[in-house]
Amino acid sequence: MKGICLVFAISVAGLLAGCSAGNGTAIATTSPVSSAPGTSSVSVTIVPNTIGVRHDGTLSFSASVNGSNNVNLIWSVKEGVSGGTISDKGSYTAPSAPGIYHVVATSQADPSKDATATVTVTAFGFTSISGLNYARLQQTATLLPSGKVLVAGGGQGPDIIDGYWVVDQAELFDPETKSFSLAGQVSRDSHTATMLPSGDVLLAGGEVGWDPTGNAYGNPGPIDSATAEIYQASSGQFVPTGSMLTAREGHQATLLNDGRVLITGGIYSLPSDPWWLPLSESEVFDPATGTFAAVGQMSVARYGHTATLLQNGKVLIAGGGYPYASNTAELFDPADGKFRSTGNTTVSRSGHTATLLPNGKVLLAGGGGLGSLAAELYDPNTGLFSPTGNMNTARGWHTATLLPDGTVLIAGGYIIHGGSTSTTEIYDPATGVFTLGPSLEQDRFSHTATLLSNGDVLIVGGASSGDGLFTTALTSAEVYH
């Protein structure tokens, strides 16, 4: 979507050097900058105060002293060398052993005053790899039967939702070489991509271009499309198929057990105020005929919602809404093509994630009020949502990936008033607790996360934002392993 940074903010608000040896202690040699005399009111702050890192990884800390002309610091690791080492510039190197450790910045002027950062060192972490050929956000990434990943479409430019311009190239990620190669032309942004039982991929809707005089005032506007196409994995070609009944972007697509694809919600651009129309219309794609057919409408027009296939074959539709997030949820029944209400979410959500857990429950995380910390579980046996542990960071437009061990990796996202984040956390269904994970190599939101055949997770593209308004689309990619 173009030029709706304010709406994005509303939607998310409704929803996000060398190291010392020995005992790991070093003294900083910062020049004095404070004019306040004495040490009676000395205080120390440290940034970041909580963070995760892979074993043997490195981090950079900064700290400041207030209330004294002497702003020099003594850096140390509480656990000694077993907890890592720290340089006099705040450069920390993690130990080989996973665990929770503490970096301490102590005032040289008053050694009784310090600040402590908690570092979670993990056995797993992120490694940067060769990047995309084209920067993009709001793209799709689909694991193919070959084990390669099809990255298609997306946007570039400063618009906080999906960039101003549509990226018209697809790329393939090869897990053997950990590199990307061009894979043909496809011009879509904020579309969906669904792996079909045949091994082909259905790409549907989204923005497909830019009309320079598209609205009632002669200003530029996006072109939303109802078109769809099939990526044929055998030939590597994109082939047109039947069009949707309704043009849309920001919708959801869910593969049903019978091989059809359910398309729900999204928004459609209008030529005048209010500019965007949220949709309750839904339809299904039948790969046997290559056509779309209407099904019942949702009870609420939704954008920024989630659609999750349950173990019973029904689809849980949760949250979303426009311009404000919703706490409503409903179930789609493929047997009769109708939507029926189910329990409400515990908080209103938009731009959240929904992950089907091995026990059949669904984890909803993020989005919500100002990027809510609250997470919850949907139980299909009762039709109700109930709270589970809170996340460590309030975020929206992040990713959530079910890992082979049954835990869920929450990565990146957007923080209201804070921009993009590199933080991650791991949810354990056995305990209902989120623990801090290793940091991404690059802060990002509106990226993709794809579980590879070997159990690694591929993180691709997205956007980096420092001021909450303008963004930088990314070529960078990394692998969690």
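Two strands are said to pair when DSSP finds at least two bridges between them. In this predicted model, strands β7 and β8 (residues 91-93) meet that condition, since they pair in the antiparallel sense over 2 bridges, and isoleucine 86 has tyrosine 92 in β8 as its bridge partner. These strands belong to an open sheet of 3 strands in the order β4-β8-β7, with antiparallel pairing, in which β4 (58-60) and β7 (85-86) are the edge strands, each pairing on one side only.

**The protein as a whole**

The protein has 48 strands and 1 helix. Of its 481 residues, 55% are buried, and its accessible surface comes to about 18300 Å², with 53% of that area belonging to carbon and sulfur atoms.

**Sheets and a hairpin**

Strands of a sheet pair through backbone hydrogen bonds, and the pairing may be parallel or antiparallel. Another open sheet is made of 4 strands in the order β34-β35-β36-β37, and the pairing here is antiparallel. Because β34 and β37 (384-388) stand at the edges and have a single partner strand each, one side of each is left without a neighbour in the sheet. On average, and with direction ignored, neighbouring strands of this sheet are turned by 25° against each other. Within the sheet, β36 (residues 375-379) is joined to β37 by 5 bridges, the two strands running antiparallel, and leucine 377 stands opposite serine 386 in β37.

Strand β30 pairs with β31 (residues 315-318) over 4 bridges in the antiparallel sense, and threonine 306 has alanine 318 in β31 as its bridge partner. The two strands form a hairpin with 5 residues between them, and glycine 313 in the turn has a positive phi of about 95°.

**The largest pocket**

The largest pocket holds about 1800 Å³ of space. Its lining consists of 47 residues, of which Ala193, Gln252, Ala253, Ala400 and Ala449 lie nearest the centre of the pocket. By class, this lining has 27 polar, 18 nonpolar and 2 charged residues. Several strands supply at least two residues each to the lining, among them β12 (140-143), β18 (192-195), β30 (306-309) and β34 (353-356), so the hairpin strand β30 and the edge strand β34 appear here again.

**Backbone details in the loops**

Some loops contain backbone angles that deserve a separate look, and the table lists two cis peptide bonds.

| Cis peptide bond | Omega | Place of the proline |
|---|---|---|
| Valine 47 to proline 48 | near -10° | loop between β2 (43-47) and β3 (50-54) |
| Tyrosine 322 to proline 323 | about 0° | loop between β31 and β32 (329-333) |

Aspartate 56, which lies in the loop between β3 and β4, has a positive phi of about 70° although it is not a glycine. With a relative accessible area of 42%, aspartate 56 is partly exposed, because that value falls between the limits of 20% for buried and 50% for exposed. Glutamine 138, in the loop between β11 (126-129) and β12, is likewise not a glycine, yet it has a positive phi of about 60°.

Leucine 474 has its place in the loop between β47 (472-473) and β48 (477-480). Is leucine 474 buried or exposed? Its relative accessible area is 8%, which is under 20%, and therefore leucine 474 counts as buried. Leucine 474 and glycine 462 are 12 residues apart in sequence, while their C-alpha atoms are 5.6 Å apart in space.

Methods:
Residues are numbered from 1 along each chain as its sequence is written. This is a predicted model: local features need pLDDT of at least 70, side-chain atom pairs count only at pLDDT 80 or more; totals for chains, interfaces and linings use all residues. Side-chain values use heavy atoms; hydrogens and water are left out. Buried means under 20% relative accessible area, exposed over 50%, partly exposed in between (1.4 Å probe, protein chains only). Accessible areas come from the Shrake-Rupley method with a 1.4 Å probe; for residues, only the protein chains shown count as cover. On a 1 Å grid over the protein atoms alone, a cavity is a set of points where a 1.4 Å probe fits but cannot get out, and a pocket is an open set with protein on both sides within 12 Å along at least five of seven lines; lining residues have an atom within 4 Å of a point. Grid points are joined across faces, edges and corners, and a volume is the space filled by probe spheres set on the points. Ala, Val, Leu, Ile, Met, Phe, Trp, Tyr, Cys and Pro count as nonpolar, Asp, Glu, Lys and Arg as charged, and the others, Gly among them, as polar. Axes are lines fitted to C-alpha atoms, for helices over the stretch in contact, and angles run from 0 to 180 degrees between N-to-C directions.
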